[in-house]
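Hi,

Here is the structure we talked about, with my notes underneath. Have a look at it first, then read on.

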Amino acid sequence: MQQAKFSLTPGLSEFVANYAAYGFKDKSSMVQAALLRLKEEFERKELRESAELYAALYEEDADLPALTESAIEGWPE
C-alpha cells in the first residue's frame, strides 16, 4: 500500500488519535474510510449534476421525447 504524508490541524489530529473510540483498528484505516466516503460523495455529486444536465437538455429538445419513445417500442414493460 502506498504511503502519504500530510499535516493535520490540532483538532483533527486529536480526532484521529481517538480512532479506537470510533471502531477503527488504527489511524490509517480511519483516514482511509474518511477519504473513501469523501470520494463517493464527490462521485454522487458529479452523477447528480450530469443527470440534471441531461434532464435539462431533454426538456429543451422537442425531438428527444419522440426519439426516446421510438427507441423503447417493443421492449417488455
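Below is what I found, going from overall shape to charges and then to a few distances.

First, the ground rules. This is a predicted model, so to speak of any local feature I needed pLDDT of at least 70, and side-chain atom pairs count only at pLDDT 80 or more, while totals for chains, interfaces and linings use all residues. Residues are numbered from 1 along each chain as its sequence is written, and side-chain values use heavy atoms, with hydrogens and water left out.

**Overall shape**

The protein has three helices and zero strands, giving the pattern α-α-α along the sequence. Helices here are DSSP runs (H or I, at least four residues), strands are E runs of at least two, and both are numbered from the N terminus. The radius of gyration is 23 Å, whereas a compact globule of 77 residues would come out near 11 Å. That radius is taken over C-alpha atoms, and the globule rule is 2.2 Å times the number of residues to the power 0.38. The C-alpha trace spans about 60 × 30 × 25 Å along its principal axes.

Burial is scarce: 4% of the 77 residues are buried. Buried means under 20% relative accessible area, exposed means over 50%, and partly exposed is in between (1.4 Å probe, protein chains only). The accessible surface is about 7,400 Å², with 57% of it belonging to carbon and sulfur atoms. Areas come from the Shrake-Rupley method with a 1.4 Å probe, and for residues only the protein chains shown count as cover.

**The N-terminal part**

Q2 sits in the segment before helix 1 and counts as exposed because its relative accessible area is 77%. From Q2 to A17 the C-alpha distance is 21 Å, with their positions 15 residues apart in sequence.

A nonpolar surface patch of about 500 Å² is made by F6, L8, L12, F15 and Y22. For patches, residues need over 30% relative accessible area and no salt bridge; like charges are joined within 9 Å and nonpolar side chains (Val, Leu, Ile, Met, Phe, Trp, Tyr) within 5 Å. Y22, one of the patch members, is in the loop between helix 1 (10-17) and helix 2 (27-60). Y22 has a relative accessible area of 47%, so it counts as partly exposed.

**Helix 2 and its salt bridges**

How many salt bridges does a search of the whole structure find? Two, with a salt bridge being a side-chain nitrogen of Lys or Arg within 4 Å of a carboxyl oxygen of Asp or Glu. Side chains of opposite charge can pair when their charged atoms come close.

- K39 pairs with E43, the closest N and O atoms being 2.8 Å apart. Both lie in helix 2, four residues apart, about one turn of the helix. K39 is partly exposed at 48% relative accessibility, and E43 is partly exposed at 40%.
- K45 pairs with E49, the closest N and O atoms being 3.6 Å apart. These two are also in helix 2, and about one helical turn separates them because they are four residues apart. K45 is partly exposed at 44%, and E49 is partly exposed at 43%.

For a sense of distance along the chain, the C-alpha atoms of K39 and L57 are separated by 27 Å, with the residues 18 apart in sequence.

**Charges and the C-terminal part**

The protein carries 8 positive and 15 negative side chains, and the centres of the two sets lie 21 Å apart. Lys and Arg count as positive, Asp and Glu as negative, and His and the chain ends are not counted. Each charge is placed at NZ of Lys, CZ of Arg, CG of Asp or CD of Glu.

E59, E60, D61 and D63 form a negative surface patch. E59 lies in helix 2 and is exposed, with a relative accessible area of 70%. D61 is in the loop between helix 2 and helix 3, and is partly exposed at 33%. D61 and A20 are 41 residues apart in sequence and 55 Å apart in space, C-alpha to C-alpha.

Helix 3 (residues 63-72) is hardly covered, with zero buried residues among its 10. Just after helix 3, G74 takes a positive phi of about 90 degrees.

Cheers
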